[in-house]
Amino acid sequence: MKMFIAMAILLLAMGSAQAECLYLGNLDECMHEAKNGNPIAQYILGTHYENGEGVAQDYTEAKNWYHKAAEQGDRDAQYRLGLLYQHGRGILKDTTRAYMWFEVASVNGLPAALEEKSMLAGEMTPAEIGKAENMATDWLIANPAEAGDQ
């Protein structure tokens with residue numbers, strides 16, 4: 001009951017369009033919010049495209065929306081983007097870039113990213129890991145406002 005009341009208050013505090021996208025799954029409203037730069041809506045659209053929920057499955061489109069959200073500090077999008085790079089879905093397989101996004105997401109507090117990064121390290125050379133860690137550090141330095149937002 002407390003959760004229901006908290007959700008109701010949150011929905012009332014948000015704009016109607018944003019609430020429809022973020023909590024009710026209205027894809028038209030999500031698209032509108034995502035195009036207006038809302039990183040949560042961008043992440044949600046990415047998951048819809050990745051899983052083919054309400055739209056045709058399109059890993060490239062998922063990658064594009066995840067990337068927009070990841071660049072704004074959305075750690076879940078950073079993690080999902082890493083998975084796409086790791087498995088070569090909608091993008092060329094790139095374990096170095098996957099590791100980089102897992103590192104960024106783990107610094108932003110997502111435990112699953114740390115676990116995935118650790119497993120991926122077993123497939124990489126020390127030079128690749130070093131390059132990925134440097135890329136992550138560079139990203140975090142260049143985007144301090146986006147690091148740790150969530």
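Contact here means heavy atoms within 4.5 Å. The structure is a predicted model, in which local features need pLDDT of at least 70 and side-chain atom pairs count only at pLDDT 80 or more, while totals for chains, interfaces and linings use all residues. Residues are numbered from 1 along each chain as its sequence is written, and side-chain values use heavy atoms, with hydrogens and water left out.

**Exercise 1. Characterise the surroundings of Q57.**

Solution.
Step 1. Locate the residue: Q57 is placed in the loop between α4 and α5 (59–71). Helices are DSSP runs of H or I with at least four residues, strands are runs of E with at least two, and both are numbered from the N terminus.
Step 2. Classify its accessibility: with a relative accessible area of 47%, Q57 is partly exposed. The classes are buried under 20% relative accessible area, exposed over 50% and partly exposed in between, with a 1.4 Å probe and protein chains only.
Step 3. List its contacts: setting aside residues up to four places away in sequence, Q57 touches Y49, E50, N51 and G52.
Step 4. Examine the side chain: that of Q57 reaches the backbone oxygen of E50 at 2.7 Å.
Step 5. Relate sequence to space: Q57 and T47 are 10 residues apart along the chain, and their C-alpha atoms are separated by 9.6 Å.

**Exercise 2. State the secondary structure content and the extent of burial of the protein.**

Solution.
Step 1. Count the elements: the protein has 9 helices and 0 strands.
Step 2. Read their order: from the N terminus on, the elements run α-α-α-α-α-α-α-α-α.
Step 3. Assess burial: of the 150 residues in the protein, 40% are buried.
Step 4. Assess contact range: among contacts with a separation of 6 or more, 47% join residues 24 or more positions apart.

**Exercise 3. Describe the packing of α3 against α4.**

Solution.
Step 1. Choose the descriptors: two packed helices are described by the angle between their axes and the distance between the axes. Axes are lines fitted to C-alpha atoms, for helices over the stretch in contact, and angles run from 0 to 180 degrees between N-to-C directions.
Step 2. Insert the values: helix α3 (residues 27–35) and helix α4 (residues 39–51) pack at an angle of about 130 degrees, and their axes are 8 Å apart.
Step 3. Classify the angle: α3 and α4 are therefore oblique to each other. Under this scheme, angles under 35 degrees count as roughly parallel, over 145 as roughly antiparallel, 65 to 115 as roughly perpendicular and the rest as oblique.
Step 4. Assign the hand: α3 and α4 cross in a left-handed sense. A crossing is left-handed if the near helix is turned anticlockwise from the far one by less than a right angle, and right-handed if clockwise.
Step 5. Identify the participants: α3 contributes L27, C30, M31, E33 and A34 to the contact, and α4 contributes A41, Q42, I44, L45, H48 and Y49.
Step 6. Sort them by type: the residues of this contact comprise 8 nonpolar, 2 polar and 1 charged. Ala, Val, Leu, Ile, Met, Phe, Trp, Tyr, Cys and Pro count as nonpolar, Asp, Glu, Lys and Arg as charged, and the others, Gly among them, as polar.

**Exercise 4. Apply the procedure to α5 and α6.**

Solution.
Step 1. Geometry: α5 and helix α6 (residues 75–87) pack at an angle of about 145 degrees, with 8 Å between their axes.
Step 2. Hand: the crossing of α5 and α6 is left-handed.
Step 3. Participants: Y59, A62, K63, Y66, H67, A69 and A70 of α5 meet A77, Q78, R80, L81 and L84 of α6.
Step 4. Composition: this contact between α5 and α6 divides into 8 nonpolar, 2 polar and 2 charged residues.

**Exercise 5. Locate R89 and E123 and list their contacts.**

Solution.
Step 1. R89 is placed in the loop between α6 and α7 (95–107), and is partly exposed at 32% relative accessibility.
Step 2. Beyond residues up to four places away in sequence, R89 touches E50, Y59 and L84.
Step 3. E123 lies in the loop between α8 and α9 (126–142), and counts as exposed at 53% relative accessibility.
Step 4. Apart from neighbours within four places in sequence, E123 is in contact with T95 and E128. The C-alpha atoms of E123 and T95, 28 residues apart in sequence, are 8.3 Å apart.

Technical notes
A polar contact is a pair of N or O atoms within 3.5 Å; within protein, one must be able to donate a hydrogen and the other to accept it, and residues adjacent in sequence count only if both atoms are side-chain atoms.
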